[in-house]
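Subject: A structure for you to look at

Hi,

Here is the structure I promised to pass on to you. Please open it and keep it on your screen while you read my notes below.

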Amino acid sequence: MNFFIPCYLIAGLSCIAYAFRFRGERGLLTIVMLQFIVSCYALNNIIPVFERAVPWFAVLLVILGIGLLGYRFHGAMPKPVRWFLASVLGLSFATFLYLAISLIPLYPISIPGLLALGLSIHAFIPALFCLHIIRLARRNFSSAASWIAFTAGIVLPVVALAGFTFLFNARLERVNRVFRIEKAEQRTDLPAWVVAARDLPDDWLTRCVLQSEVAYSKLPNPFTFNFTPSREGEARLFDPLVSFAMAFGPTQAMSAEERWALLDTRRKSRHLAEERLWSGDLLATDYVNTRVRIWPEQRMAYTEKTITVHNYARYAWRNQEAIYTFHLPEGAVVTSLSLWIGDREEKGVLTTRGKADTAYKTIVGREMRDPSLVRWQEGNTVSVRVFPVEGGKTRQFRIGYTAPLQLQHGEQRYTNAWIEGPHTDHADEDVTLEFMTPPSFPHIPRGFEQNGNTWTASRRYRADWSFSLLNKRGVQGAFTFNGHTYTIADIPVDRVPTDIRSIYLDVNKSWSKNECRAILHMAGQRSVFVWSGASMQPLTFATMDNVLPLTQNFSLFPVFRIPDPAHALLVTKGSSYSPTLAELDDHPFGKDLRAWLADTSLPKICLMNIGQELSPYLQTLREKRAFRYEHGGTLQLKVLLDTKTFAPDLETNGRITLSSAGITITKTPADSITPANTAPDHLMRLFAYNHILRQASRGASPDSLAALAQEAYVVSPLTSLVVLEKQADYDRFGIKDEGNSLRNATLKNNGAAPEPHEWMLIILVAGAFIYLIYKKRWNTA
């Protein structure tokens, strides 16, 4: 409102001045009309008739405004410039005519509103601008060439609009056809929306179709103003092309839930599909403070991100809900949460996922008070929710996560967790890197300043950054807590003999025929299969052109259909997106997969990844310890097949492996000769988290796994961290912070807290030291 009032006053006063003092002055009416256009968009921020314009349309409006202002001087311009300005005038007419037609539903309720301060005059500004442009053309065009240029300026956007509408609706019909055929014939045990997501082209046009009504708004309708947030959450955009195509296209065959699920398969769209209780379209991330503590000797790091989110609403009553998705490094686990309530930092309390969800939804949905929640999600992601962010104010929260450093080509690599949520376009960032021991040949990004073992940087927020240091063999350390010792060690480099008899190719569009041919050559006498969607098909040089599904966007290989997993090798080259296990739970494919995971008698399948990354589907199965895993190219695959070896399965109930970091963590009972803590408590947290992932799908008791998560204080599939405003809220929902646990991780100590027997030794040594110092003085006395 603060911006609209001066815009409206300036436009109104200019209109009055033009009518009574400067009427007839050349070009002044154009300036008055442009002032009203600015006032229209200022009012639109308060009464959202149109959503925020897509960048190309916002740029177009600015260019048209400049062209209209320049038209005042067209008489002094050469002919080509005059023709260009005439075409700009035609393009302006077409653009404002589109807006005027879009606003026709508002005219009946705007006419009575003219009597109330004249605010509803804004609904008629585009139509009045069209009349003004026709007046300019009739007064100034003296040649046929100018009228031809003007007409071309009108025809060009009309042709573009018609062409886009045709392509949009043709693609929408294709989407509907693929979905309906699978829905009717049920050729696979996958849901129909998964088949559509797998088989449809992954291009900009398909994304426009899928995101229509989700990321893009329809044409305005005065009877459908709705301030209730959509499930996709963040602000929608107004794209004239998409909005027009939606108005004249066929209806969607998929239900809203199925379309959201389909969008979930796109990694970038998962955040938009988050269910929310309040809108978040006026939020922006103002500041990110990242502090990283690195233990090179244990190949792990702990990161805290303190984030300030700002609500740019002009009214305090416009509360917003901030939802962030954190994409964590492989193997990382969230170990702390804080929310600032007033000037007070409140630490999160770990509880079961069900209790945390119930508390958050009850308080936010009904009572509208202060909670924060962090939830585990598949694919190395977590979601963080903060409410409320009041209009014109900021909220601050902090999330901490423990992550192993990735071992790559003889180096330890730390990769920053990138976030989705309120935009970071103008956010500042401070980064601190603190090494607990001097790093060997560190490669720190530009812009950091070194002070001893600490590097700092102040800059604009950047999501994509990492650093590395030379790895030293012989990682070691131990941490003791609650009667157990956790010891870290290198994974043995020796592979074990493995009898591979069948090779299965997890094929999708990221594969090439040459790669398939190369593997057929490597296979020798071994059988090679691909999944056709209904059965395993033998792959030979003769059948390659008929059975290879090289056009699929992603693949969901049914590992539970491999008949002899002990002697099978699955070769994958995954895409960056796919459905997750949770999205398949209620369908036959998901049920069969869950039953297969729960069968502890089945051996792990050998999985060879010849691509850059695993799909979310396979990554989740890997987290659940379904595979013996190797990562490399086709040359390494040939070596493994020729030598008949593969990575060993070293995991037991008391040992977990983190192959990406090249480490194992072993849990043993503590005894009287247990060494002092030489590693941070993050060692125990990593063990607990990975042990829970391994056991959760294998029939282990949820209560025992939740107790382990509580002891290590880690967010897991069974547990969440939540911050509530009052102790009475915790009591009401049965959320208790009890038992001997590690509590929230923090940077205020190094994480290696002494055990009780260590405290006793410290006290004895301190007592002896004091006795020696004061012995002489006591004897004299």
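A cavity is a set of grid points where a 1.4 Å probe fits but cannot get out, and its volume is the space filled by probe spheres set on those points. Please keep in mind that this is a predicted model.

**The cavities**

How many cavities of 30 Å³ or more are there? The count is six. The largest holds about 180 Å³ of space. It is lined by 18 residues, and the closest to its centre are Arg198, Trp531, Gly533, Gln552 and Leu556. Two elements give two or more residues to this lining: strand S22 (502-506) and strand S23 (527-531). If you sort the lining residues of the largest cavity by class, you get 10 nonpolar, five polar and three charged.

The second largest cavity has a volume of about 80 Å³. You can find it by selecting its lining residues, among them Trp596, Leu597, Pro603, Arg625 and Arg698. Here the lining has five nonpolar and four charged residues, with no polar ones.

**A covered helix**

Arg198, one of the residues closest to the centre of the largest cavity, also belongs to the buried part of helix H8. Is helix H8 (residues 192-199) mostly covered or mostly open? It is mostly covered, with seven of its eight residues buried. Besides Arg198, the buried residues of H8 are Ala192, Trp193, Val194, Val195, Ala196 and Ala197. What lies over them includes helix H7 (144-185), helix H11 (256-264) and helix H16 (581-584).

**Strand S3 and its partners**

Next, have a look at strand S3 (residues 283-295), which pairs with strand S4 (residues 300-311) in the antiparallel sense over 12 bridges. Leu283 is a handy place to begin, as it stands opposite Asn311 in S4. Together, S3 and S4 make a hairpin with four residues between them. In that turn, Arg299 has a positive phi of about 55°.

Which way does S3 run relative to strand S15 (residues 428-435), parallel or antiparallel? This pair is parallel, with eight bridges. To see one of the matches, go to Arg293, whose bridge partner in S15 is Glu434. S3 therefore makes a good example of both senses of pairing, antiparallel with S4 and parallel with S15.

Enjoy exploring, and write back with any questions!

Best wishes

Methods: Residues numbered from 1 in each chain as written. Predicted model: local features only at pLDDT ≥ 70, side-chain atom pairs only at ≥ 80, totals over all residues. Heavy atoms only, no water. 1 Å grid on protein atoms, 1.4 Å probe; cavity = no way out; pocket = protein on both sides within 12 Å on 5 of 7 lines; lining within 4 Å. Nonpolar A, V, L, I, M, F, W, Y, C, P; charged D, E, K, R; others polar. Pairing = 2+ DSSP bridges. Buried < 20%, exposed > 50% of the residue type's maximum accessible area, 1.4 Å probe, protein only. Contact = heavy atoms within 4.5 Å.
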